[in-house]
Structure formats: structure tokens, C-alpha cells
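The following note is offered for your review. It takes up the ligand site before turning to strand pairing and backbone geometry.

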Amino acid sequence: MALKAAYPESMLLYFSVKMKQLENDLSVASLHRELRTKLVAQNILYYPVTSSTMDVAKQAVREGVEEGTIVIADHQTAGRGRFGRRWWAPAESSILLSIILHPDLDQLPRLNMAAALAVVHSIEKVTGLRPVIKWPNDVLIEGKKVSGALIESDVQDETVNSAILGIGLNVNLDPSSIPEIAETATSLRDVLQKEVSRLEMLRSLLGEFEELYSALRQGEPIDKLWRHRLETLGKQVTVRSGEMVEEGYAESVDDEGNLLLRRPDGGLVTIVAGEVTLQV
Ligand code: BTN
């Protein structure tokens, strides 16, 4: 009310447009403001448009950038997901991020956990929503996918030369505008019916990820936290990976995050990677 009395209507409109622009601005300067991380995002490579942040990150690794470097884009022309699928996101609708990391070999399988948990925690903190994880690293709200993660690593002998963690998070995307994902995807805006600040989400996500990654690096267990959020366990599922199709009861996960599936014949099979669907 006080603001209304002090400023004419046109000024208020200007302020509100300006605020929206700031909350959507993922440029280096605005990101650095209030970012309290020590490793992640000390070096930021920002692109209004690129093919895929994964490709840019790969090139950056070749050029020798430091661990924690992030690549972010407002738009990708060839964004990719797991199993060679496309990752769809209209310009400025989402968080499209790759983080360059150098974990030890035994920490590599747990990057999935850190990624999914960081997304879950940041969504919770910024929006109050309570997402769950579909094995291994899809984040779901109301049964639909709001975020996914992709890890591309370069491992030689026992050494991880680099691991690039890509995260896509649907912040203000309208799933109904993309036929390929209209039925299966959601966004924070879709659920809350209001715009969410991409900048606030990204800052929170980077902070949460740094905390979990540091814990992982120091050998602290994060698998319990991740397991606690897995909605897949205790359900009859089908798991597909390329030609492989397995059906059974999602009984548990092991220390490295592999899925332990009880086949109808009673045998237990360990699944390292795959796409899970619930059996109806
Ligand atoms: C999946 O669930 O299939 C993983 C999706 C990963 C998408 C992100 S968006 C940022 C980064 N760049 C890409 O091309 N892919 C990842």
C-alpha cells in the first residue's frame, strides 16, 4: 500500500518487470552475488545459447579449467539426456548446468546421489515442495519429472581424469508446449502456478551440491539420505537399458547405489543403469 501511494502505476510496473529480469538473470555477475561456495562455481562459463553445456564443459576440461567450474546456458540447441535422449527446454525456462569435477574412482558412483539430493534439497528450501527421487537420479513432483542428471566421465585405469555432471531442472517450463514431454514432465511453475526465480534456485542448488560433494570427498556417507528419498523401493518395476529389460520387485540399493531387483523366479539381480517404470 505504501509503495502504491509513493509511486505512480507505471513506475510499479517498471519495478516489477525489472525484478523479474533480475530473478531470471543467470549471468556471471548476478550469480556471484550472494554465492557462498568455495569450490563450486568459482569459475563460471555462461552462455545465452549453446549446443549443450556438456560439450562446452568437455572442451573446458581439455583446456585445463579448475575443478568446480560450471557451465550454464539459457538455451541449448542440442541438450541431451541419459540414453542418448534429447533434453527439452525452451529458452530461459530452466536451469541447464554442467559442473566439472575430479572425484576419486570410488566416489564416482555416488555423484548420482549428490546430484539428485542437491536438487531435492534446493527445491524444498526455495519452494517448500517435497520432491522424491526415482532411481537413480530423476527428481519427481506429483509423479512427474522435474529434473534429471547426466554424468559423463573420463576414466583411465584407476584414475578419474574428469567427471562432468549435467543437471537440467524445469523451473518455469510449460510442459504442455513440448509434445515429447507433455505427459511425463512438470516444472516448479506448473506445480505452484507461479513463476519461480531461476537465480534463487541456481544459487541454492550450487550451495546444496557443494555441501554434499564435500561430504562425499571426505568419505562421509550420503547414501542413507538418498535412499530415504527413493520412491522406487518396495515397488514392482520394469527396468530398461538398451536391449536389456528386467521386471521385478525393487528390493533395495547397494552402497554404490545399484538397484537390487528381485526377479519373479526369486533370483536377485544388480542393476547398474537403466530407466525404471512402475508396473501397474
Ligand atoms: C536425464 O534425465 O536424462 C538427464 C538430463 C540432463 C540434462 C542436462 S541439461 C544441462 C546438461 N546439458 C545437457 O545437454 N544435458 C544436461
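**Notes on the ligand site and the backbone**

1. The structure is a predicted model. Around the ligand there are 19 residues, and S52, Q76, R80, R82 and K145 are the ones that come nearest.

2. The polar contacts of the ligand deserve attention individually. The side chain of Q76 places an N or O atom 2.9 Å from a nitrogen atom of the ligand. With R80, a polar backbone atom is involved, and the distance to a nitrogen atom of the ligand is 2.6 Å. R82 likewise takes part through a backbone N or O atom, which lies 2.6 Å from an oxygen atom of the ligand. On its own the ligand has 420 Å² of accessible area, and the protein covers 99% of that area.

3. Where does the ligand sit? The ligand occupies the largest pocket. By residue class, the surrounding shell comprises 7 nonpolar, 8 polar and 4 charged residues.

4. Which elements each supply at least two residues of that shell? They are the helix α4 (53-62) and the strands β3 (94-101), β6 (144-156) and β7 (159-170). Strand β6 provides the largest share, with 4 residues.

5. A separate matter is the pairing of strand β8. Strands β8 (residues 236-241) and β9 (residues 244-253) are antiparallel and are joined by 6 bridges. Within this pair, T238 of β8 faces E247 in β9. The hairpin formed by β8 and β9 has 2 residues between the strands, and G242 adopts a positive phi near 60° there.

6. Strand β8 also pairs with strand β12 (residues 275-278), again in the antiparallel sense, through 4 bridges. In this pairing V237 stands opposite L278 of β12. Strand β8 therefore has two partners to inspect, β9 and β12, when the bridges are considered under the definition of pairing used here.

7. Two backbone features merit a check by eye. Most residues other than glycine have a negative phi, and most peptide bonds are trans. The peptide bond from W135 to P136 is cis, its omega being near -5°. P136 belongs to the loop that lies between β4 (132-134) and β5 (138-141).

8. The second feature concerns A41. Although A41 is not a glycine, its phi is positive, at about 70°. A41 is located in the loop between α3 (28-32) and β1 (44-47).

How values were computed: Residues numbered from 1 in each chain as written. Predicted model: local features only at pLDDT ≥ 70, side-chain atom pairs only at ≥ 80, totals over all residues. Heavy atoms only, no water. Near = heavy atom within 4 Å. Polar contact = N/O pair within 3.5 Å; in protein donor to acceptor, adjacent residues only side chain to side chain. Areas by Shrake-Rupley, 256 points an atom, 1.4 Å probe, with all protein chains shown as cover. 1 Å grid on protein atoms, 1.4 Å probe; cavity = no way out; pocket = protein on both sides within 12 Å on 5 of 7 lines; lining within 4 Å. Sits in = over half its atoms within 2 Å of the grid points. Nonpolar A, V, L, I, M, F, W, Y, C, P; charged D, E, K, R; others polar.
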